[in-house]
Amino acid sequence: MILFGSPPKAVQFSALGCQIVLPEKNPLSYGRSALVSLAGPACNLLCFGIMVLFSQGNHMFAVVSFTLGMFHCLPIEPLDGGLALRAILSSVLESEKAEKITFFLSLILLFPLSVLGFLILLRTRYNFSLLFLSLYLMLYLVLKREGPSY
């Protein structure tokens, strides 16, 4: 964001992640917003690529970097891929229509992800992380949708 001349107004951290508060002055274009959204996963995948280049592809850091990068590329809001998709769609459609498309695509993709998380839980009896994350993202989408609109 700084490279595009639009530094964040604030970065808020919580137990569930971080949120970047966009500046009111010098807002990003839709294309630049999509690039900023995909910068995080790109860094993760770059770290993975560097680890593979140095024959460390099985190292825990490489595996985590790859997993985070790929997961955040999914077109599910509030993940980076979902934010980038909404920005791209907003550049060619009305903002409200882009938001609705992203919302429904997120729900459609979260259903099989939740089923997969449940199957992993049944098989391992302890690994509930994918199921928990899928349910969290569904809850986020529903609460965001029902929340106040400004």
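Helices, taken as runs of at least four residues, and strands, taken as runs of at least two, are DSSP assignments numbered from the N terminus. The model described here is predicted, and Ser29 offers a starting point, placed in the loop between strand S2 (17–21) and helix H1 (30–53). The side chain of Ser29 comes to 3.2 Å from the backbone nitrogen of Arg32, and because its relative accessibility is 40%, Ser29 is classed as partly exposed. Between the C-alpha atoms of Ser29 and Ser114, which are 85 residues apart along the chain, the separation is 33 Å.

Ser114 belongs to the buried residues of helix H4, a set that also contains Ala98, Thr102, Phe103, Ser106, Leu110, Leu113 and Gly117. Helix H4 is built from 30 residues and spans 42 Å from its first C-alpha to its last, a value close to the 44 Å expected at 1.5 Å a residue. A nonpolar surface patch of about 490 Å² is formed by Phe111, Val115, Phe118, Leu119 and Leu122. Of these patch residues, Val115 is located in helix H4, which covers residues 95–124, and Val115 is counted as partly exposed because its relative accessibility is 36%, a value lying between the 20% and 50% limits that separate buried from exposed residues.

Aromatic contacts were also examined, and 2 aromatic pairs were found. One of them joins Phe48 and Phe66 in a tilted arrangement, with 4.8 Å from centre to centre and 45° between the planes. This pair links distant parts of the chain, since Phe48 lies in helix H1 and Phe66 in helix H2 (residues 60–73), with their positions 18 residues apart in the numbering. Phe48 is partly exposed because its relative accessibility is 23%, and Phe66 likewise counts as partly exposed, its relative accessible area being 36%. Phe103 and Phe104 also make an aromatic pair, here in an edge-to-face arrangement with 5.2 Å from centre to centre and an angle of 75° between the planes. Phe103 is buried because its relative accessible area is 10%, whereas Phe104, with a relative accessible area of 46%, is partly exposed.

Several features of backbone geometry occur in the loops. In the loop between helices H1 and H2, Ser55 adopts a positive phi of about 60° although this residue is not a glycine. Ser55 is classed as exposed because its relative accessibility is 64%. Farther along the chain, Glu77 and Pro78 are joined by a cis peptide bond with an omega of about 10°, and Pro78 is situated in the loop between H2 and helix H3 (80–92).

A positive phi is also found just after helix H4, where Arg125 takes a value of about 70°, again without being a glycine. Arg125 is placed in the loop between H4 and helix H5 (129–146), and with a relative accessible area of 70% this residue is exposed.

Definitions and conventions: Residues are numbered from 1 along each chain as its sequence is written. This is a predicted model: local features need pLDDT of at least 70, side-chain atom pairs count only at pLDDT 80 or more; totals for chains, interfaces and linings use all residues. Side-chain values use heavy atoms; hydrogens and water are left out. Buried means under 20% relative accessible area, exposed over 50%, partly exposed in between (1.4 Å probe, protein chains only). A polar contact is a pair of N or O atoms within 3.5 Å; within protein, one must be able to donate a hydrogen and the other to accept it, and residues adjacent in sequence count only if both atoms are side-chain atoms. Patches are made of residues with over 30% relative accessible area and no salt bridge: like charges are joined within 9 Å, nonpolar side chains (Val, Leu, Ile, Met, Phe, Trp, Tyr) within 5 Å. Accessible areas come from the Shrake-Rupley method with a 1.4 Å probe; for residues, only the protein chains shown count as cover. A salt bridge is a side-chain nitrogen of Lys or Arg within 4 Å of a carboxyl oxygen of Asp or Glu. Rings of Phe, Tyr and Trp (its six-membered ring) pair if their centres lie within 6.5 Å; planes under 30 degrees apart count as stacked, over 60 as edge-to-face and the rest as tilted. The expected span of a helix is 1.5 Å times one less than its number of residues.
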